[in-house]
Amino acid sequence: MKQERTSKVKGLLKVLALVVPFLLNVNAFASPAETPGAGHDSVAAVSGNAEVAAAPEAHAAEAAHGEEKAGDVIMHHILDSNVYSFEPFGEIVLPKIVIGGFDISITKHVVTLWVVSAIVLIVFTIIGGKYKKMSPKTAPKGFVNAMETLVEFIRLDVAKANIGPGYEKYLPYLLTVFMFVLLCNVLGLVPYGATATGNINVTLTLATFTFFITQVAALKAHGIKGYLAHLTGGTHPALWIIMIPIEFIGLFTKPVALTIRLFANMTAGHIVILSLIFISFILNSYIVAVAMSVPFSIFIYLLEIFVAFLQAYIFTMLSALFIGLASAHEEHGDHEPGAAHH
Amino acid sequence: MEGLGLGFLGAGIGAGLAVIGAGLGIGNVAASAAEGVARQPEATADIRTTMIIAAALIEGVALFGEVICVLLALK
């Protein structure tokens with residue numbers, strides 16, 4: 001029994017190790033979408049600065065100036081850029097690559113994605129190797145044990161609970177996406193780290209994976225006929241003109257909601273921390289700094305550590321839930337009985 | 001200038017309204033979940049999962065609103 005489980009976990013880790021480079025590649029492909037956006041943002045930021053800079057001159061005074069600086073610093077922290085800065089020690093200017101009109105230069109967030117992929121790959125390769133050497137009777141120790149807890153948590157409480165029988169097929173994806181999102185989130189809280197999941201292109205790429213896996217799961221479970229029948233909601237043909245657009249839009253709202261949720265959560269936390277820090281600079285007061293900025297930003301920072309885990313969990317869990325809903329055979333709890341027999 | 005000021009005001013009010021909606025919604029979810037757990041402690045795990053999913057969906061809608069407000073404020 002124990003051996004069986006160990007071999008299962010071992011197989012999982014192997015697949016995980018195989019999937020990660022794929023993810024890495026796709027993230028490299030994701031960069032064309034990434035950088036034009038960043039370019040627009042920086043252009044927008046520059047023009048915005050010009051407006052804001054013009055405004056305080058007409059009006060009054062230092063407060064507006066402080067706000068402008070705070071806004072600049074926050075935007076610089078949130079947005080992607082071609083410079084990876086290690087503030088007091090200098091900065092690395094990353095190469096700008098443009099091929100066929102697509103800006104696929106390696107930006108700060110792309111570097112972060114590669115670092116995350118490398119960490120996940122190395123950690124799970126090592127752990128997989130340890131499982132190979134381990135005799136079935138000994139329990140794993142230390143870090144391996146901690147990772148086993150996470151893997152088992154995703155396997156039992158997320159995949160098995162939401163997808164049901166046949167969940168093993170989707171487990172590698174769910175595990176990979178959980179570890180990847182978790183590490184991206186946590187790396188944003190480390191000094192000199194960037195929050196790659198605070199970039200909407202990254203979260204959109206991840207949600208697109210979930211979308212395609214969900215559709216393939218639905219097609220496999222119901223066949224092309226059942227898949228199309230599902231789009232009608234099982235209603236009378238007279239209602240199809242309403243039902244089909246609604247169900248069709250419903251297909252796309254799920255990944256969009258996943259995208260926005262992760263992106264907004266990770267971005268909002270960083271904005272809140274920096275705003276709290278900058279309150280003391282805007283008000284120019286030590287009392288505010290000691291009584292408010294420091295304790296509140298530490299509190300939000302601790303909350304952010306929790307949010308990093310929670311959002312990774314929610315992303316994985318909703319992915320599992322969507323796959324489970326798409327591939328469910330009999331129980332359509334939230335549909336009317338007419339929809340059940342396809 | 002007047003229009004720009006009104007835009008910022010709209011963004012602020014919109015953000016507040018979205019938070020009120022999300023707060024009411026998640027509050028309702030949490031209250032019902034606490035009640036459910038108190039009545040049926042053995043169903044805690046199921047209730048927690050359902051609660052997190054519902055809260056995440058509510059939060060998602062609220063975040064759509066917040067993103068629109070941020071876009072308004074940055075434009």
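**Close-up views of chains A and B**

**View 1. Ala159(A) and its neighbours.** Leaving aside residues up to four places away in sequence, Ala159(A) touches Ile154(A), Tyr167(A), Tyr170(A), Leu171(A), Leu174(A) and Ala320(A). The model is predicted. Ala159(A) also ranks among the residues with the most contacts inside the largest nonpolar core, together with Leu174(A), Phe178(A) and Val181(A).

**View 2. The largest nonpolar core.** This core has 57 residues. Two chains build it. On chain A, helix 3 (108–133), helix 4 (142–163), helix 5 (171–187), helix 6 (200–231), helix 7 and helix 8 each supply at least two residues, and helix 2 (44–74) of chain B does so too. Which helix gives the largest share of this core? Helix 5 of chain A does, with 13 residues. In soluble globular proteins, nonpolar side chains tend to be buried together.

**View 3. Helix 5 of chain A.** Helix 5 is mostly covered, with 15 of its 17 residues buried. Buried here requires 20 or more other C-beta atoms within 10 Å. At 1.5 Å a residue, the 17 residues of helix 5 of chain A should span 24 Å. The end C-alpha atoms are 24 Å apart, so the expected span and the model agree.

**View 4. The loop after helix 5, at Tyr192(A).** Tyr192(A) sits in the loop between helix 5 and helix 6 of chain A. Its phi is positive, about 70°, although Tyr192(A) is not a glycine. Is Tyr192(A) buried or exposed? Tyr192(A) is exposed, because it has 10 other C-beta atoms within 10 Å and the limit for exposed is 12 or fewer.

**View 5. The loop between helix 7 and helix 8 of chain A, at Asn284(A).** Asn284(A) is placed in this loop. Asn284(A) is not a glycine, yet has a positive phi of about 60°. With 11 C-beta neighbours inside 10 Å, Asn284(A) counts as exposed.

**View 6. Ala289(A) in helix 8.** Ala289(A) belongs to helix 8 of chain A. Ala289(A) has 15 other C-beta atoms within 10 Å and is therefore partly exposed. Apart from residues up to four places away in sequence, Ala289(A) touches Ser280(A) and Val294(A). From Ala289(A) to Thr316(A) is 27 residues in sequence and 38 Å in space, C-alpha to C-alpha.

**View 7. The contact between chain A and chain B.** Nine residues of chain A and eleven residues of chain B take part. On chain A, helix 7 (240–283) and helix 8 (286–327) each supply at least two residues of the side that touches chain B. The largest share of that side, four residues, comes from helix 7. By type, the residues on the chain A side are seven nonpolar, one polar and one charged.

**View 8. Annotated spans of chain B.** UniProt, in an unreviewed entry, places a "transmembrane region" at residues 49–74 of chain B. That span is 100% helix and 0% strand, and its end C-alpha atoms lie 36 Å apart. For residues 9–72 of chain B, UniProt lists "domain: V-ATPase proteolipid subunit C-like", also from an unreviewed entry. Over residues 9–72 the chain is 94% helix and 0% strand. The end C-alpha atoms of residues 9–72 are 10 Å apart.

**View 9. Chain A as a whole.** Chain A has eight helices and four strands. Along the sequence, the pattern is α-α-β-β-β-β-α-α-α-α-α-α. Of the 342 residues in chain A, 30% are buried. Among contacts in chain A with a separation of 6 or more, 74% join residues 24 or more positions apart.

Note on methods. Residues numbered from 1 in each chain as written. Chains lettered and ligands numbered in written order. Predicted model: local features only at pLDDT ≥ 70, side-chain atom pairs only at ≥ 80, totals over all residues. UniProt positions renumbered as here; feature names shortened; annotations may be inferred. Contact = placed C-beta atoms within 7 Å. Nonpolar A, V, L, I, M, F, W, Y, C, P; charged D, E, K, R; others polar. Core = buried A, V, L, I, M, F, W, Y, C linked by C-beta atoms within 7 Å. Expected span 1.5 Å × (residues − 1).
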